[in-house]
Amino acid sequence: MIGILNIGLGNVQSVYNAVYENGYDPIFVSKPEELEQLTHFIMPGVGNFSAVMHSLEQLKLVPAIQALIARGVPTLGICLGMQLLATSGEEGGLCKGFDAIAAKVKAIPNSNNLRVPHVGWNEVKFTQEHPVFADIKDTRDFYFVHSYHMECLSGDNIIATTDYGSDLVCVAGNKNVIGVQFHPEKSQKNGMQLLENFCEWDGEFHA
Amino acid sequence: MQKCTACNLPETYETIEFDENGVCNICRQKEFKDEKIDWQRRAEMLSRVIEKHRGKYEYDCILPFSGGKDSTYTLWYLVKHYKIRPLVVQFNHGFMRDTLMENNRRTFKKLGVDVISFTPNWKLVKRLMLETLVRKGDFCWHCHTGIFAYPMHIALKYQVPLIFWGEPSSEYTAYYNYEDDEIEQVDETRFNRFINLGITAEDMYSMIKDDYQCDPRELTPYTYPKLRDLKKLKYQSVCLGSYIPWDVKENTKIIQQELGWRGDQVEGMPWDEYSYEKIECSMQGMRDYIKYLKRGYSRVSQMTALDLRNGRIAKEYADKLIADYEGRKPPSLTLFLEYLGISEDQFNHIVAKTVVPPFKPDFEGMEYAPKTDDFDRWYREDEQDRGIIFKNPV
Ligand SMILES: [Zn+2]
C-alpha cells in the first residue's frame, strides 16, 4: 500500500493524481496507525519547516514516521517533505527534523542576485545513480518552488544538484529514504517516471 | 520549391529543415543511425524486453498487424528468432485488398499464430472520412487512430503489457530521432502528436453528432485507452526497428522468400520499381493524390528519397521517376467520391484549402494513372448506400 501523508497543510491531490495515473491505488494517511500497513510512504509538503514539524508532533506522527523509516519502508520526501528528512531546519526558528539524512536546511543565499523563492523549471544534474532515477536522463528539467535548501554533511547523501547561483542539493538519499526538492507531480514526463520508479523501488540504496 | 540536395525532398515535407549545404535533417538522421548507434547493445536490450515478458500472460506480446511489409517482417522476425507467442491484432480499416488478404492468410498459417481481426462500422467510417477530409485534407483519421488505439484496447482486454510495432517513425520524419539513444515509445504522446491529426475521438463525436446518428460508444476503437489503465498494466509499446537496423528492401526480400509475401500495384506508383510499399489499402492512391495536391510531391518522391539516401539509385533516375509518375489522378477517385457522396468539384474545393505554400496545384491539368489489376474488384456501393446517411439532409 502506497501512503501519501495528508495533514491538511496544502494541496496533496496533485501528488495523489500523479501516482494514481501511474496505475497505483495510493491512500492518504494522517494517523500513526495508518502508517503500519504501508509498503511505500510519500511525504509531500508545502509550508514552514518548524510549523509542520510542530503539527506532526501534535498528531503523534513523529515517532510513527521514524519507526516507518527504521523499518526500511521506501520513503519519498517532496519539497518541504524532503527538507523534513534532514537533521534540522532554520525556517521559523531552529527546529529538529527526522534526521534520516545528515543535513541542515538553510535559506537559499540571496547573495547572487537571484530571486527567492526559486520558482520554475531547472536542470537536475546527477552526482550518483539511484534506482528512483532509472530511465531518467541527466540534466533534465524539473519544476521547483522553494526558498530553503538542504546542505548535506556528506557527499554520500547527495544524488543530484541544480544550479541556482551555486550548486544546490536537489536530490538527497540515505538507505530507504530519498528526498527531492522539486515537484515531480508538476514535472510532467520525467516527474511521472520518477514517481513510478519510486512506487517500484524496494528501498535498496548504497552510496 | 527548395529540395534537399541529397534526397530531393521538398520544403513542404513535414518536419524538414535544411542545413548550410542544402541537406535535410532526415538525411542527417540516417547518417547518425548508420554510424553512431550501438546495434549490438540494442539487440541485447531487445532480448531483455522479450525475456522480461515471456510466458507470463496468455500471450507474450500483442502484435498490431496490417499485413504490409513492416508488420509482416516484425511478426516473422519475432516468431522465428525469438519463438515468441504473439496475439496478432488486425484493424481492418475497410479497404484491405485481395493480395493483402491472401498474404495475411498465408503468413498466419505458415507462422502458426492466433489472430484477432476487427472491422469497424463502415457507415461510421465514411462519415469520419468526410469529416477529416474537410477539416484536415486527410481522410484517414479512422485508420490512423484505429490502427494505433485498437490494439491497445486488446492489450488491456488480454492483460498483455508488451506491444510490438514494426518500423519507428524516425525513419521518415524528424518528430523522433535516433539521437540521445532514446527508444521511441508508441504511446499517447506520439498518438496525439502526429497520429490523430489533432482530433481526439471525443472531439470527433461532437463534430459529427448533430448530423449523423451516432452513439459515443461507437468511437471507442478510435480512443486511446486511459493512461492509468495502461500504466497499471505496466505496458511497454515499442518498435522492433528501434532495436534492429531497419532496411525495408532487405526485409521485403526476406518475407518474400520465407512467407511467399507478394507485392501489389499501387495507383500512381512505378509498379516495377516499388511493388512492396503501401499495398494495404485500396485508397492509397487517393492518399498520395491528396498529398500531391497539398504539398507538390507524392510517395514517388518519398520512395526515391529513401533510395537516394541509401545510395541505391542515381539522381537522374529518381528525377525521371518523379517526372513520369507524380501528379496523376488515381482511378479510385471515382469510388472515393461515391463513398462520400461528393462531387469532384466539391472535393477539389475542400483540398484547395489545405494546400501548403509555396506549392500551387493544377486541378484541371491532371491525367489519370492506369488502373490496377484488382481495381474492378474494389467495393462499389449500390445507389441507395452511396454517400453518407445524414440525420437531416444538409
Ligand atoms: Zn534529404
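This report describes a zinc site and two helix pairs in a predicted model.

In chain B, the zinc ion is held by four sulfur donors, namely the SG atoms of B:Cys4, B:Cys7, B:Cys24 and B:Cys27, at 2.3 to 2.4 Å. The angles among these four donor atoms run from 102 to 116°, and the site is tetrahedral. Along the sequence, the donor residues follow the spacing C-x2-C-x16-C-x2-C, and one pair among them links distant parts of the chain, with B:Cys7 in the segment before helix H1 (25-36) of chain B and B:Cys27, 20 residues apart from it, in helix H1 of chain B. Both B:Cys7 and B:Cys27 are buried.

The two helix pairs, one in each chain, are set out below.

| Helix pair | Axes come within | Crossing angle |
|---|---|---|
| H2(A) (residues 49-58) and H3(A) (residues 61-70) | 6 Å | roughly 90° |
| H5(B) (residues 122-136) and H14(B) (residues 333-340) | 9 Å | roughly 105° |

Because angles of 65 to 115 degrees count as roughly perpendicular, H2(A) and H3(A) are described as roughly perpendicular to each other, and the description also holds for H5(B) and H14(B).

In chain A, the contact is formed by A:Met53, A:Leu56 and A:Glu57 from H2(A), together with A:Leu61, A:Val62 and A:Ile65 from H3(A); by class, these comprise five nonpolar residues, no polar residues and one charged residue. In chain B, H5(B) contributes B:Trp122, B:Lys126, B:Met129, B:Leu130 and B:Leu133, while H14(B) contributes B:Phe336, B:Tyr339 and B:Leu340, and the residues of this contact divide into seven nonpolar, no polar and one charged.

Note on methods:
Residues are numbered from 1 along each chain as its sequence is written. Chains are lettered from A and ligands numbered from 1 in the order in which they are written. This is a predicted model: local features need pLDDT of at least 70, side-chain atom pairs count only at pLDDT 80 or more; totals for chains, interfaces and linings use all residues. Side-chain values use heavy atoms; hydrogens and water are left out. Axes are lines fitted to C-alpha atoms, for helices over the stretch in contact, and angles run from 0 to 180 degrees between N-to-C directions. Helices (H or I, at least four residues) and strands (E, at least two) are DSSP runs, numbered from the N terminus. Angles under 35 degrees count as roughly parallel, over 145 as roughly antiparallel, 65 to 115 as roughly perpendicular and the rest as oblique. Contact means heavy atoms within 4.5 Å. Ala, Val, Leu, Ile, Met, Phe, Trp, Tyr, Cys and Pro count as nonpolar, Asp, Glu, Lys and Arg as charged, and the others, Gly among them, as polar. Donors are N, O and S atoms within 2.8 Å of the metal (3.2 Å for Na, K and Ca); water is not among the atoms, so sites may look incomplete. Four donors count as tetrahedral if all angles lie between 85 and 135 degrees; four count as square planar and six as octahedral if opposite donors are over 155 degrees apart and all others between 65 and 115; anything else is irregular. Buried means under 20% relative accessible area, exposed over 50%, partly exposed in between (1.4 Å probe, protein chains only).
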